[in-house]
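Here are some short exercises on reading a protein fold. Try each task on your own, then follow the worked solution.

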Amino acid sequence: MVPTARPTAPRLDRLVAAVALALSLAMSRWPLRWQIAAVRLLRGLPYARHARIEALYTAVLAVIPSWWPGRIACMEISLATVLATALTGRRARWVLGARFLPDAAHAWAEVPGGAVGRDIGDAIDRPWMPVLAVP
């Protein structure tokens, strides 16, 4: 088995991403409506640039621990990206979406300039449809 290469990010971005990932994992124990309410508190911040949210998304992927026994999937990663963006004084939308055939759910982060974490696998021929965008 060949190990996959981990993405790299600047040290400050990794620090912010580690704090945001810890918050995201703690918040994942909350009911979804509480998570949505917490993210809505960020709506007063100005939007981040797309390049910045891409850098923070990469940093979140870089700090995911390989030893973590629980789930760290699209919902936790996208929430951590939104929280990392907020920790830098900007905001991003947390989007929960779905698609049909086969039925699936997915979460990603986006700003008016674009999204990160949205195009995974076979999303080209069966695009994800946003169901809820917060804030």
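**Exercise 1.** Leaving aside its neighbours within four places in sequence, which residues is Leu79 in contact with?

*Solution.* Remember that you are looking at a predicted model.
- Step 1: Find Leu79 and skip the neighbours within four places in sequence.
- Step 2: Pick out what still touches Leu79: Ser24, Met27, Gln35, Val39 and Trp94.

**Exercise 2.** Place Leu79 in the largest nonpolar core, and find the elements that build this core.

*Solution.*
- Step 1: The largest nonpolar core has 22 residues, and those touching the most other members are Val39, Ile53, Leu79, Val82 and Trp94.
- Step 2: Two or more residues come from each of α1 (11–27), α2 (32–40), α3 (50–63), α4 (74–87), β1 (93–99) and β2 (104–111).
- Step 3: The top contributor is α4, with 5 residues.
- Step 4: Look also for a second, separate core; its 9 residues include Ala17, Val60, Ile77 and Ala80.
- Step 5: A general idea helps here: in soluble globular proteins, nonpolar side chains tend to be buried together.

**Exercise 3.** Work out the order of the strands in the sheet, and name the edge strands.

*Solution.*
- Step 1: The open sheet has 4 strands, in the order β3-β2-β1-β4, with antiparallel pairing.
- Step 2: A strand that pairs on one side only is an edge strand, and here these are β3 (114–116) and β4 (129–134).
- Step 3: From one strand to the next, the twist averages 35°.
- Step 4: Zoom in on one pair: β2 and β3 are joined in the antiparallel sense over 3 bridges. Ala109, for example, has Val116 in β3 as its bridge partner.

**Exercise 4.** Which strands does α2 touch, and which does α3 lie across?

*Solution.*
- Step 1: α2 packs on the sheet and touches β1 and β4, with its direction at about 140° to that of β1.
- Step 2: α3 lies across β2 and β3, and runs at about 5° to β3.

**Exercise 5.** Describe how α1 and α3 pack together.

*Solution.*
- Step 1: Two packed helices are described by the angle between their axes and the distance between the axes.
- Step 2: The axes of α1 and α3 come within 8 Å and cross at roughly 70°.
- Step 3: Angles of 65 to 115 degrees count as roughly perpendicular, so α1 is roughly perpendicular to α3.
- Step 4: The α1 and α3 crossing is right-handed.
- Step 5: On the α1 side, the contact is made by Asp13, Arg14, Ala17, Ala18 and Leu21. On the α3 side, Arg52, Ala55, Leu56, Ala59, Val60 and Val63 take part.

How values were computed
Residues numbered from 1 in each chain as written. Predicted model: local features only at pLDDT ≥ 70, side-chain atom pairs only at ≥ 80, totals over all residues. Heavy atoms only, no water. Core = buried A, V, L, I, M, F, W, Y, C linked by side-chain atoms within 4.5 Å. Buried < 20%, exposed > 50% of the residue type's maximum accessible area, 1.4 Å probe, protein only. Contact = heavy atoms within 4.5 Å. Pairing = 2+ DSSP bridges. Axes fitted to C-alpha atoms, helices over the stretch in contact; angles between N-to-C directions. Parallel < 35°, antiparallel > 145°, perpendicular 65-115°, else oblique. Left-handed = near helix turned anticlockwise from the far one by under 90°.
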